[in-house]
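Subject: Structure for your review

Dear colleague,

Please find below the structure I am handing over to you. My notes on what was found follow directly after it.

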Amino acid sequence: MKRIGLLLATRLAQALFLALGISTLCFFLLRALPGDVAFRIAASRYGLDMVTTAAAEAVRAELNLDLPALRALGHWWVALLRFDLGVSAITGRAVWTELAQQLGHTVQLAVAAVALALAISAPLGVRAGLNPGGRLDTALLAGALLLRAIPPFLLGLLLIIAFALILPLAPAAGHLEQGTLFLPALTLALGLSAPLARIVRDAMAQVSSTPYYAFSRTKGLSEAATFWRHGLRNIAVPVLAYLATQLVFLIEGVVVIETLFAWPGIGHALIHALFGRDVPMIQGVVLVMSLGIVLFNALVDLVCLLLDPRERTV
Amino acid sequence: MIRLGLSLLALLLALAVFGPWLTGVSASAQDLERVLMPPGLGEWLGTDNLGRSVVTRLAYAIRLSTGLALLSVLSAAVPGTALGLLAAWRGGWVERLLVMLADAVLALPGLLLVLILLAFAPGAIWPFYVGLALVLWVEYFRVVRAQARTLLASPQVEAAALMGFGWPYILRCHLLPELLPILLTLMTLGVATAVVALSTAGYIGVGLRPPTAELGLMISEAFPYVFEAPWLIIAPVATLLLLIAGLACIAEALRRAR
């Protein structure tokens with residue numbers, strides 16, 4: 001119990017530190033934008049012809065641009081601690097409303113990608129791990145090295161050329177048609193599954209060489225029963241721990257891949273906010289992404305603690 | 001493996017250094033009467049949609065990528081190593097604070113920091129340099145701290161300290177030689193990370209702006225002509241892949257040699 005408490009306290013401190021850091025950076029970004037920010041935001045909200053001084057003043061008051069920097073920074077932090085991310089400078093809707101909508105699409109893409117990655121890497125890794133040094137093992141190593149060397153945007157591009165332009169099997173972009181999830185999910189999954197297959201393979205090779213694995217077969221359990229009872233649980237720990245470290249890769253991938261395939265998730269939103277210099281939106285997306293990583297890491301720590309009794313006593 | 005990696009890099013760097021000198025045209029020189037020329041004798045790799053020489057543009061793009069990558073990796077490796085040594089040597093609250101900082105930075109994907117900084121100055125190159133350096137130092141810190149802790153507790157370091165050698169001697173003769181291989185591996189991987197980040201941002205349109213010759217930009221500019229002039233997109237894609245593959249080969253060879 002004490003260990004769980006310590007673990008959660010560390011992650012909480014980390015989350016707070018990150019949130020303050022990102023938010024301060026975004027505050028300076030808002031102040032550093034060239035020109036009169038209030039006028040620009042008012043212009044993008046009401047259209048260039050409809051901007052009045054009153055509208056600009058309203059925006060200025062809303063974003064505390066009329067206060068001195070230090071006091072405004074205080075307001076900005078207080079708003080953050082109250083989970084108030086403000087209003088998108090471009091659409092005028094609350095950042096939370098925008099995020100909630102886009103996050104659904106991103107989670108859909110991420111879950112599909114991780115599921116696809118596990119479906120590709122687990123069977124291959126287990127086969128290779130049961131026979132280390134075999135033909136499949138060598139092929140897997142080479143394939144993993146090759147796949148990992150290709151940057152995600154290039155992989156996406158190659159998949160678009162192959163499966164949308166040359167063989168018209170799946171639509172290249174968008175999210176309304178049938179099958180649009182396939183190419184972006186496959187792009188992310190291929191990048192993930194290369195190292196994942198290696199992890200599964202190493203874990204499997206290690207488990208299958210232990211005395212208890214050999215003994216469970218000696219005592220008469222079938223190959224399958226031995227695997228389900230002794231293999232799977234032992235593989236799950238490194239795989240989960242690895243997936244947690246790969247969340248950073250996944251989130252970077254989401255930004256790139258969503259933009260590439262016009263998938264309306266938070267990564268796509270971030271790039272759009274960058275083009276429009278929509279600071280509240282940029283802050284919201286970056287906060288959600290990095291706090292999501294901290295939260296997920298905390299969850300994985302807990303799950304590993306539950307899965308592996310050895311961890312609890314350390 | 002290391003030979004393959006080094007020869008790939010040497011080939012690309014030779015193109016970067018001698019390419020413009022051999023073709024004799026600048027990266028932005030347009031010739032609208034010779035657009036989308038296929039590769040041939042006059043133009044080794046053909047010309048793009050504005051009649052610019054692909055060889056020259058590739059050469060400048062490689063210079064840009066590798067230059068930025070080396071600069072940001074060095075700027076990350078030196079303070080990262082120094083802080084790692086400091087944490088391992090001092091211990092206590094200095095170490096705890098630095099570890100916490102490193103853990104927090106680790107939760108911030110590198111590309112995100114680069115993107116926020118790019119919002120300050122769209123199309124500039126400094127956000128890449130600052131963002132990459134600010135994110136990459138963590139790896140050096142973590143690895144150096146972990147290794148230096150075991151090294152500092154080792155008998156040979158203890159003996160050297162008892163004999164009265166000062167810390168510069170211990171650092172030079174006991175710590176750095178042991179740390180060097182892993183530092184080189186990390187630096188090779190870091191260069192690859194930086195190259196990929198620059199081209200990714202260029203490709204999705206938030207990085208450097210045209211008419212800069214940059215690999216990601218060249219790929220996205222060539223995409224509309226993928227069937228009409230496939231060499232136009234193959235050249236930067238192949239360059240990027242060979243660059244990363246060369247670095248990956250060197251990193252793998254260094255890792256195995258340890």
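A residue is called buried here if 20 or more other C-beta atoms lie within 10 Å of its own, the C-beta atoms being placed from the backbone. In helix H1 of chain B, the residues that meet this criterion are B:Gly5, B:Leu9, B:Leu12, B:Ala16, B:Gly19, B:Pro20 and B:Thr23. Please bear in mind throughout that this is a predicted model.

Helix H1 of chain B

The helix to which these residues belong runs over residues 2-23 of chain B. From its first C-alpha to its last, H1(B) reaches 31 Å with its 22 residues, which is close to the 32 Å expected at 1.5 Å a residue. H1(B) has a kink of about 40° at B:Val17, and the proline B:Pro20 follows shortly after that position. B:Pro20 is also one of the buried residues of this helix. Against which elements do the buried residues of H1(B) pack? Their partners are H2 and helix H9 (230-257) of chain B.

Helix H2 of chain B

H2(B) covers residues 54-90. Its end C-alpha atoms are 53 Å apart, in agreement with the 54 Å that its 37 residues should span at 1.5 Å a residue. Just after this helix, B:Gly91 adopts a positive phi of about 65°.

H2(B) also packs with helix H5 (residues 126-152) of chain B, at an angle of about 35° and with the two axes 6 Å apart. The crossing of H2(B) with H5(B) is right-handed. Sorted by class, this contact comprises 23 nonpolar, five polar and three charged residues.

B:Trp89 is located in H2 of chain B. Is this residue buried, exposed or partly exposed? B:Trp89 counts as partly exposed because 17 C-beta neighbours lie inside 10 Å, whereas the buried class requires 20 or more and the exposed class 12 or fewer. Although B:Trp89 and B:Leu152 are 63 residues apart in sequence, their C-alpha atoms are 7.5 Å apart in space.

Chain B as a whole

Chain B contains nine helices and zero strands. Its C-alpha atoms fill a box of roughly 75 × 40 × 25 Å along the principal axes. Of its 258 residues, 48% are buried. Among the contacts in chain B with a separation of 6 or more, 67% join residues 24 or more positions apart.

Chain A as a whole

In chain A there are 14 helices and zero strands. The C-alpha trace of chain A spans about 85 × 60 × 30 Å along its principal axes. Chain A has 314 residues, of which 38% are buried. Residues 24 or more positions apart account for 71% of its contacts with a separation of 6 or more.

Helices H8 and H10 of chain A

Helix H8 (residues 182-208) and helix H10 (residues 223-245) of chain A pack at an angle of about 145°, their axes being 9 Å apart. H8(A) passes H10(A) in a right-handed crossing. On the H8(A) side, the contact is formed by A:Leu196, A:Ile199, A:Val200, A:Ala203, A:Met204 and A:Val207. H10(A) contributes A:His230, A:Gly231, A:Asn234, A:Ile235, A:Pro238, A:Val239 and A:Tyr242. By class, the residues of this contact are 10 nonpolar, three polar and no charged.

The contact between the chains

How many residues does each chain bring to the contact? Chain A supplies 31 residues and chain B supplies 26 residues. On the side of chain A that touches chain B, at least two residues come from each of helices H1 (2-32), H6 (135-149), H7 (152-166), H11 (247-261), H12 (266-276) and H13 (279-307). That side of chain A has 26 nonpolar, three polar and two charged residues.

A residue of helix H7 of chain A

A:Ala162 lies in helix H7 of chain A. A:Ala162 is classed as exposed because 12 other C-beta atoms lie within 10 Å, and a residue with 12 or fewer belongs to that class. The C-alpha atoms of A:Ala162 and A:Gln108 are separated by 24 Å, with these positions 54 residues apart along the chain counted as their distance apart.

With kind regards

Technical notes:
Residues numbered from 1 in each chain as written. Chains lettered and ligands numbered in written order. Predicted model: local features only at pLDDT ≥ 70, side-chain atom pairs only at ≥ 80, totals over all residues. Axes fitted to C-alpha atoms, helices over the stretch in contact; angles between N-to-C directions. Helix = DSSP H or I, 4+ residues; strand = E, 2+ residues; numbered from the N terminus. Left-handed = near helix turned anticlockwise from the far one by under 90°. Nonpolar A, V, L, I, M, F, W, Y, C, P; charged D, E, K, R; others polar. Contact = placed C-beta atoms within 7 Å. Expected span 1.5 Å × (residues − 1). Bend = angle between axes of the 7 residues up to and from the residue.
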